Amino acid sequence: MIPDNFCRRIHLVVALLFALATVSAAQLTATNLALHANATASSTFESRYAASNAVDGVVSDGSRWLSRKGDNAQWLELDLGAPRAISSAHVYSGWEDGDAASDFTIDAWADGTWQQAAAVSGNTAQALAVKFTKPVITAKIRFRPGGAGPARIRELALFAAPVPLGTGVKLATDSSANNDNGAPVKTNQHLIALNQVGFETVLPKRFTVPLTADGTKFELHRTPRVEDSTALFTGVIRNHIGDFSTFKPADASHEYVITISGGALEPGQSDPFIIRRDFYKEAFWQTAIDFMIDCRSVVGTHPSAYGGGPWRDTTYYSFEAPSLIMLWLAAPERISRMPVQMNWAADKARVLSPEFKFDANNPHSTGVMDAVRRYYTELEPPKTGAPDALQLVHWGLGYYLVNPATRDPSGDPLPRQIHSQTVEQFAFLLHAWPQLKQWFPQGFYDRCRDFTFQNWKTSGCESIDPLWHPKTYMTPEQMKGPNPTGGSLHPYKGRHAPGHSILPNLLMYEVALREKRDDAQVYMKAAQTQAQWVIENIDWTDPRTTKGQRMSEHKTIPGLVWFLHHYPNDAPAGLKAKIADWARVAVQRSENIWDFRRYDLGEHWTIPKLNETGNLVSFTACALAASWVVDDANTKRRLEEIAIAQMDNVFGRNPRFAAAP
C-alpha cells in the first residue's frame, strides 16, 4: 500500500512538471505566484483593509491588509489553488514612511503541517526580498507577523526564483497614489478632485483635474445618471480647473457628479456631491455641536480632561466659547430648532455620584474634578430649554470661572497661569449679552463681567505681547528632525497670533460704554496701540506671520477688519492698506491648480511639521473678512474663491483625492 504522503508528493511533482511544460523559465521566474490568491487573515481592522488587498498587485497604503490592534496570534494565509514551487517572497509592509514589519516568519503547508520556510527579525525596510531556506512546493503560504497587531502588509508576492524588488507588482508613486479608500488612484483616466460633500448654491464651485488638458469639456449630471441623459451644465477646463459656479439649482435632495471624457485618457466621473443654498449649515452645524458636547472634559464621552480645560485638548489659545457665541448670533432661529441633547441636572448627578470614576491619567488633570464639582454646585444652571450651543458656552466659561489658570499640555514653555486669551473669551459673552440673556441667569453674567474686568489688565489683554514679534519666531530649519507636536514650536503651534487682543478690546470698549464705566477709552486705546503695532511690525510676506500662525490666524485678520469696519474714524492710519497687503499675499500664494493657499512659494506647501486643518477652515473667515475691505473687484472675487477652496481641500479637492475625515 502506497503511503498517503507519498501520493501527495507524486501529485505535487506532476503538477510542477505540468506548470514547467506550459510556461517558459523566464515567465515562471518573473510571475508573482501570489497575485489574486485566495487570502484570509486572523483578523481585519475594517472591511476596506481586507486580506485580499495584500495580493491585488498594488503596493499602497490604501490597498493593504491591516489586522486588528491586540491580535496576538495574527496571520495572513494565501491559498494558491494548486501546488507551486516557491523559493522567495517580497514583503511590502508599513504605513507612509514607517512601521515596517520587523519580525515575521513565512510558513509553507506540507505533509499536513505548517513548516517554516523563512524567518526575519529586526527588519526596518518597507520593501524586503526574502530568500527561503530551501525551495518549497506548496499550495498554501502563511505569513506570521510577530507581536500584537496591527500588522500592515501592503503586498505579499511569491516567486519561483529570486527576482528584483518591484517585480510582479505596481508600486504606487505620488502620481499613482492611493486615495485612502482602499483603491489605487488611476493615472490613465480623467481624475476629478472636488469637495466630496457639497457646495453652497451662491458660492464658488470649482474642482481640479491634474491630468486633463485645457480646453476639454466637462459635464454636470444628476445622479444616478442615465447614460443618455442631457447634461445640466457644461463647461471647459482651464488651467486644470473646472468652474461651475454659475450653476445655481433649486434646493433638492439628490446629488450631482462631474463627468469628463475625450483625449487619450479614459472617461472619469467625480465623487457625488450636493448643492444647496444653506448646505454648510445643514451638513456641518449639528455635527459640530454634537462634537462639542461629546468632547467636554469629564462629562463628555470619556471621563478625562486631557490638558485640564473644559474640553479635552483645549488650550488657552483655542476659541471654543467665542465660536459658539458667533454661531448662535449668525442664525439664532436655526440654532434654536436644533434638538436639545444636554441635560445639566443629569450631568450634575452623574459626576457628583460617589460611583463616578475620573480618569486622571492625562496631563494637567490635577484639580479638574474639584473644578467640575464647583461648576455644578456654585453656579446657577442655564435656563430650561437653552439650546445646546449656549449650554456649551455656559459650560466653557463657567469652568474657567472656577478654574481660570491653565497650561497648554503640548510642552508650552509658559507656566500654569491665567492667560490673556482665556480672559478674552469672556469679552464675546459680555458683548453679546443683550442677545443671550434670555438663556442665562443674571448672576452668571455678573460673575463673568467681574472676572473679566478684574483680570483684563493683569493677564496682559491691554499690552503688546513680546511673543507677537517675529524676532521670537523659529525658522523652518529649526523644525527639522523628528516630527514634534510639543515644545516651543513658535509660531507654528498658533499660541500667540499677533494682535489677538484687538477685537476683544473693541468688544470691551462697547461693554464698558453699555455698563456706563469711566474706563471705556482704555480699551479703545489698547486696540489702537495694538493695531498700530501690527501695521508697523508684521510683514505678511514672512509666512510665519500668516499661515505659520496655524490655528490662530483668524484672530488677527478679522480683528483688524472689525476695527476698520466698525470704527473707521478711530482706526490707525494705514490699516486698510495693511489688510489689502495681506489679501495680495494670500492671492499670490494661491495661484496653483488647487486654489490652495500655500505656506510659501518655495518648498513648503503646508505648515512645516504640523497638521493644519484648523488653518484651512479658519482661512475662510480671514479671506472673506478681507474681501469686505479691498476695493478691486477681481481681488474680491478671488478672495471668495480661495476662501471656499480651503474648505474644499479638507473635503477632497487635494492631490490625495481624499476627504480629511
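User: Happy to start inside the protein: what is the volume of the largest cavity, and which residues line it?
Analyst: This is a predicted model, and by the rule used it has 3 cavities of 30 Å³ or more. The lining of the largest cavity includes Arg-296, Met-342, Asn-343, Trp-344, Asp-347, Tyr-375, Tyr-376, Pro-382, Gln-391 and Trp-395. The volume of that largest cavity is about 50 Å³.

User: Which helices each supply at least two residues of that lining, and how does the lining of the largest cavity divide by class?
Analyst: By class, the lining residues of the largest cavity are 6 nonpolar, 2 polar and 2 charged. The elements that each give at least two residues to it are α6 (344–352), α7 (368–378) and α8 (388–402).

User: Now for the second largest pocket: which residues are closest to its centre?
Analyst: The second largest pocket has a volume of about 1100 Å³. Its lining has 37 residues, and two elements, α15 (613–627) and α16 (633–650), give two or more residues to it. By class, that lining holds 17 nonpolar, 9 polar and 11 charged residues. The closest to the centre are Glu-96, Thr-606, Asn-649, Asn-654 and Arg-656.

User: Turning to the cysteines, how many disulfides are there?
Analyst: A disulfide needs two cysteine sulfur atoms within 2.5 Å. For Cys-295 the nearest cysteine sulfur, that of Cys-448, is 20 Å away. For Cys-448 the nearest is that of Cys-461, 14 Å away. Neither Cys-295 nor Cys-448 is in a disulfide, and the count comes to 0.

User: Are Cys-295 and Cys-448 buried or exposed?
Analyst: Buried means under 20% relative accessible area. Cys-295 has a relative accessible area of 9%, and Cys-448 has 0%. By that cut-off, Cys-295 is buried, and Cys-448 is likewise buried.

User: What does helix α12 reach from its first C-alpha to its last?
Analyst: Helix α12 covers residues 520–537, which is 18 residues. At 1.5 Å a residue, the expected value is 26 Å. The reach in the model is close to that, at 26 Å.

User: Which elements help cover the buried residues of α12?
Analyst: The buried residues of α12 include Ala-520, Tyr-523, Met-524, Ala-527, Gln-530, Ala-531 and Val-534. In general, an α-helix has 3.6 residues a turn, so residues three or four places apart point the same way. What covers the buried residues of α12 includes α10 (442–455), α11 (502–514), α13 (553–566) and α14 (575–588).

User: Where are the prolines of the cis peptide bonds at Thr-223 and Pro-224 and at His-490 and Pro-491?
Analyst: Most peptide bonds are trans, which makes these worth a look. Omega is about 5° for the bond joining Thr-223 and Pro-224, and about 10° for the one joining His-490 and Pro-491. Pro-224 sits in the loop between β12 (217–223) and β13 (233–236), while Pro-491 is in the loop between α10 and α11.

User: One more on the backbone: is Lys-516, with its positive phi, buried or exposed?
Analyst: Most residues other than glycine have a negative phi. Lys-516 has a phi near 60° and lies in the loop between α11 and α12. Its relative accessibility is 74%, and the cut-off is over 50%, so Lys-516 counts as exposed.

Definitions and conventions
Residues numbered from 1 in each chain as written. Predicted model: local features only at pLDDT ≥ 70, side-chain atom pairs only at ≥ 80, totals over all residues. Heavy atoms only, no water. 1 Å grid on protein atoms, 1.4 Å probe; cavity = no way out; pocket = protein on both sides within 12 Å on 5 of 7 lines; lining within 4 Å. Points joined across faces, edges and corners; volume = space filled by probe spheres on them. Helix = DSSP H or I, 4+ residues; strand = E, 2+ residues; numbered from the N terminus. Nonpolar A, V, L, I, M, F, W, Y, C, P; charged D, E, K, R; others polar. Expected span 1.5 Å × (residues − 1). Buried < 20%, exposed > 50% of the residue type's maximum accessible area, 1.4 Å probe, protein only. Contact = heavy atoms within 4.5 Å.
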